[in-house]
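Here are a few exercises to work through with the model open beside you. Try each one yourself before reading its solution.

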Amino acid sequence: MLLHDTALIFERYARQTLRSRFAMLFGVLMPLLYLLFFGPLLTGLPLGTRAGSWQVLVPGLLLQLVLFGALFAGFMIILEKGQGVVERMRVTPVSRLALLLGRVLRDAAVFVFQAVLLVLAAIVMGLRAPLAGILIGFAFVALLTVSLASLSYALAMRMHTPQEFGPTINALAMPSMLLSGLMLPMTLAPGWLDVLSHFVPFRYVVDAMRDAYVGSYTTDHMLYGVLVAVGFAGLAVTVGTRVFRRAGA
């Protein structure tokens with residue numbers, strides 16, 4: 001029943017997404033602008049790593065796409081609560097876990113699709129990376145989307161207006177982006193900032209993705225990145241499920 005209910009919820013929100021293709025493509029615009037206008041500035045600069053400039057930038061942009069996209073997924077819940085959709089779902093026998101999983105799996109599918117578009121654009125601009133590394137990057141995108149979207153929905157269930165939700169998400173997203181080294185490796189940062197960045201889980205994921213993009217699959221960065229991504233996803237889904245069950249939706 002869980003699989004059946006999850007498929008039903010996924011199908012419902014997937015249909016909504018397909019009806020707004022422009023919004024789905026618009027979500028990749030900001031990382032694409034970074035790729036076009038910021039990427040060429042890194043060419044030839046000493047980045048403190050054996051990876052090329054595109055192999056450094058593209059993994060960071062993929063995680064930036066997820067960070068700012070999935071964290072704002074909870075806006076949908078707030079809108080649905082205002083329209084009475086959540087109230088109607090409360091009286092259905094659908095699994096509360098399925099109500100969360102159907103949503104976050106739709107989000108994962110959307111962001112992986114956007115990640116594919118971004119990587120294709122990067123290849124045109126000069127990115128060279130092994131296929132296995134690119135696929136590993138997509139797997140990290142999916143896992144982080146599940147994590148962040150689950151937490152976003154859980155937070156939105158506790159809030160009543162977009163005016164509360166938006167500033168809270170921005171307060172979480174901006175420091176995470178700056179401290180995780182999405183744009184440039186944190187090895188370039190002063191020692192105290194590099195140490196501080198190790199408390200941000202995205203640091204480990206972006207380091208693992210950059211290793212994957214140069215064909216290094218057995219490094220400590222890869223191990224830590226996988227452990228953090230899988231553990232974070234499990235924790236986030238658990239928290240999200242508890243919030244949905246307590247809310248009865």
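**Exercise 1.** Decide whether leucine 36 is buried, partly exposed or exposed in this predicted model.

*Solution.* Start with where to look: leucine 36 sits in helix 3. Next, take its relative accessible area, which is 37%. Buried means under 20% and exposed means over 50%, with partly exposed in between. So leucine 36 is partly exposed.

**Exercise 2.** Find out which residues make up the nonpolar surface patch, and which helix gives the largest share.

*Solution.* First, pick out the members: Phe22, Phe26, Leu29, Met30, Leu33, Leu36 and Phe37 make a patch of about 740 Å². Then sort them by helix. Helix 2 (21-26) and helix 3 (29-37) each bring at least two residues. Helix 3 has the largest share, with five residues.

**Exercise 3.** Work out how helix 3 is oriented against helix 5 (residues 53-70).

*Solution.* Begin with the packing: the two axes are 9 Å apart, at an angle of about 165°. Angles over 145 degrees count as roughly antiparallel, so helix 3 is roughly antiparallel to helix 5. To finish, add the handedness: helix 3 passes helix 5 in a right-handed crossing.

**Exercise 4.** Is glycine 181 buried or exposed, and how far is its C-alpha atom from that of arginine 203?

*Solution.* Look in the loop between helix 10 (162-180) and helix 11 (191-197), where you'll find glycine 181. Its relative accessibility is 3%, so glycine 181 counts as buried. Now for the distance: glycine 181 and arginine 203 are 22 residues apart along the chain, and their C-alpha atoms are separated by 6.3 Å.

Conventions:
Residues are numbered from 1 along each chain as its sequence is written. This is a predicted model: local features need pLDDT of at least 70, side-chain atom pairs count only at pLDDT 80 or more; totals for chains, interfaces and linings use all residues. Side-chain values use heavy atoms; hydrogens and water are left out. Patches are made of residues with over 30% relative accessible area and no salt bridge: like charges are joined within 9 Å, nonpolar side chains (Val, Leu, Ile, Met, Phe, Trp, Tyr) within 5 Å. Accessible areas come from the Shrake-Rupley method with a 1.4 Å probe; for residues, only the protein chains shown count as cover. A salt bridge is a side-chain nitrogen of Lys or Arg within 4 Å of a carboxyl oxygen of Asp or Glu. Helices (H or I, at least four residues) and strands (E, at least two) are DSSP runs, numbered from the N terminus. Buried means under 20% relative accessible area, exposed over 50%, partly exposed in between (1.4 Å probe, protein chains only). Axes are lines fitted to C-alpha atoms, for helices over the stretch in contact, and angles run from 0 to 180 degrees between N-to-C directions. Angles under 35 degrees count as roughly parallel, over 145 as roughly antiparallel, 65 to 115 as roughly perpendicular and the rest as oblique. A crossing is left-handed if the near helix is turned anticlockwise from the far one by less than a right angle, and right-handed if clockwise.
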